[in-house]
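Colleague: Could you walk me through this model and explain the labels you attach to its parts?

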Amino acid sequence: MAGTMRVPRGRGALGGVLLVLLGAWGGLLPFVGPYLDFGFAPDDAWVYDSDRLQLSVAPGAATALGGLVVLVTASRVLAVLGAWLAVLGGAWFAVGGPVAALWDVPGVGAPLGTEQGRRVAEQLAGFTGLGVAVVLVAALTLGRFTVRGAPPAGSERDEEERPSSGTTQPLVYGRYARETPPPSLGTRPAPPPGPPGSQEPPGLTGFPPRDQRVAGDRREDR
């Protein structure tokens, strides 16, 4: 069970890096946008207020923190929690402005662009489009940690065909070890053949021939 909770550290590397970058972009855009002439009013850098804290800094920090957890952790549970934290951060980027208006939060400021297309691009890059991108990346990363890979093909069949460790094979010593194949399980090994010219049955080559034993017995009787 513990093995299934461990994952390779590189599994969520790409998603984690993207989430950290997207979170940093969303959290810092209202503060550094005036340097790029792309952002939100007022046209001054590093202007801080509670509205920007709620609508930009908080979801940006949640997204970046979730991506960092996904990037460095080797625990499946922590990676899933980090991905869900990033999902919440992205969702707040997308819908935080209209929802926060319910408790009198007007927003971070009007877009700096004068053309309609540029104003739409600034709104998408800072909130709505950014939130959708964060949710998409976090959902894909979450799927990589919640779906387990199938076992390699043939692994179960190899386990079934592998012989049991409790079975033993008879040992054959001497020159017959190279000539006699190992017997199959459940049969007794055949004894090695006797030397050439012997009348004794195989396996009794350690005794003298029958004629010599009879002559020796007669001499003892005398």
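Modeller: Happy to. Let me start with Asp37: its relative accessible area is 41%, and it is called partly exposed. Please keep in mind that this is a predicted model.

Colleague: Why is Asp37 called partly exposed?

Modeller: Buried needs a value under 20% and exposed a value over 50%. Asp37 has 41%, so it falls in between and is partly exposed.

Colleague: Where does Asp37 lie, and what is its phi?

Modeller: Asp37 lies in the loop between α1 and α2. Its phi is near 55 degrees, a positive value in a residue other than glycine. Asp104 also has a positive phi, about 60 degrees, although it is not a glycine. Asp104 is in the loop between α3 (76-100) and α4.

Colleague: Why do you point out such values?

Modeller: Because most residues other than glycine have a negative phi, and most peptide bonds are trans.

Colleague: Which residues are joined by a cis peptide bond?

Modeller: Ala41 and Pro42, with omega at about 5 degrees. Pro42 is found in the loop between α1 and α2.

Colleague: Back to Asp104: what makes it exposed?

Modeller: Its relative accessible area is 71%. The cut-off for exposed is over 50%, so Asp104 counts as exposed.

Colleague: How do you know that Arg118 and Asp37 form a salt bridge?

Modeller: Their side chains meet at 3.3 Å, N to O. The rule asks for a side-chain nitrogen of Lys or Arg within 4 Å of a carboxyl oxygen of Asp or Glu, so this pair qualifies. The bridge links distant parts of the chain, with Arg118 in helix α4 (residues 116-126) and Asp37 in the loop between α1 and α2, 81 residues apart.

Colleague: How many salt bridges does a search of the whole structure find?

Modeller: It finds 2. Besides the bridge of Arg118 and Asp37, the side chains of Glu122 and Arg118 meet in a salt bridge at 3.3 Å, N to O. Glu122 and Arg118 are 4 residues apart in helix α4, so they are separated by about one helical turn. Asp37, Arg118 and Glu122 are thus linked in a network of salt bridges.

Colleague: Is Glu122 buried or exposed?

Modeller: Buried: its relative accessible area is 0%, and the limit for buried is under 20%. Arg118, at 25% relative accessibility, counts as partly exposed.

Colleague: Why is the pair of Phe31 and Trp46 called stacked?

Modeller: By the rule used here the count comes to 3 aromatic pairs. In the pair of Phe31 and Trp46, the centres are 6.0 Å apart and the planes make an angle of 25 degrees. Ring centres must lie within 6.5 Å, and planes under 30 degrees apart count as stacked, so both conditions are met. Phe31 lies in helix α1 and Trp46 in the loop between α1 and α2 (50-72), so the pair ties together parts that are 15 residues apart in sequence.

Colleague: What relative accessibility do Phe31 and Trp46 have?

Modeller: Phe31 has 7% and counts as buried, whereas Trp46 has 51% and counts as exposed.

Colleague: What sits over the ring of Phe31?

Modeller: The charged end of Arg52, 5.8 Å from the ring centre. The distance cut-off is within 6 Å, so that part of the rule is satisfied.

Colleague: Which residues make the nonpolar surface patch?

Modeller: Trp25, Leu28, Tyr35, Leu36 and Trp46, and the patch covers about 590 Å². Patch residues need over 30% relative accessible area. Tyr35, in helix α1 (residues 13-36), has 59%, so it passes that limit and also counts as exposed.

Colleague: What makes Thr63 buried?

Modeller: Its relative accessibility is 0%, and buried means under 20%, so the label follows. Thr63 lies in helix α2. Not counting residues up to four places away in sequence, Thr63 touches Leu19, Gly23, Ala86, Gly89, Gly90, Phe93 and Val134.

Colleague: And the protein as a whole: how many helices and strands are there?

Modeller: There are 8 helices and 0 strands. Buried residues make up 27% of the 222 residues.

Key. Residues are numbered from 1 along each chain as its sequence is written. This is a predicted model: local features need pLDDT of at least 70, side-chain atom pairs count only at pLDDT 80 or more; totals for chains, interfaces and linings use all residues. Side-chain values use heavy atoms; hydrogens and water are left out. Patches are made of residues with over 30% relative accessible area and no salt bridge: like charges are joined within 9 Å, nonpolar side chains (Val, Leu, Ile, Met, Phe, Trp, Tyr) within 5 Å. Accessible areas come from the Shrake-Rupley method with a 1.4 Å probe; for residues, only the protein chains shown count as cover. Helices (H or I, at least four residues) and strands (E, at least two) are DSSP runs, numbered from the N terminus. Buried means under 20% relative accessible area, exposed over 50%, partly exposed in between (1.4 Å probe, protein chains only). Rings of Phe, Tyr and Trp (its six-membered ring) pair if their centres lie within 6.5 Å; planes under 30 degrees apart count as stacked, over 60 as edge-to-face and the rest as tilted. A charge sits over a ring if NZ of Lys or CZ of Arg is within 6 Å of the ring centre and within 35 degrees of the ring normal. Contact means heavy atoms within 4.5 Å.
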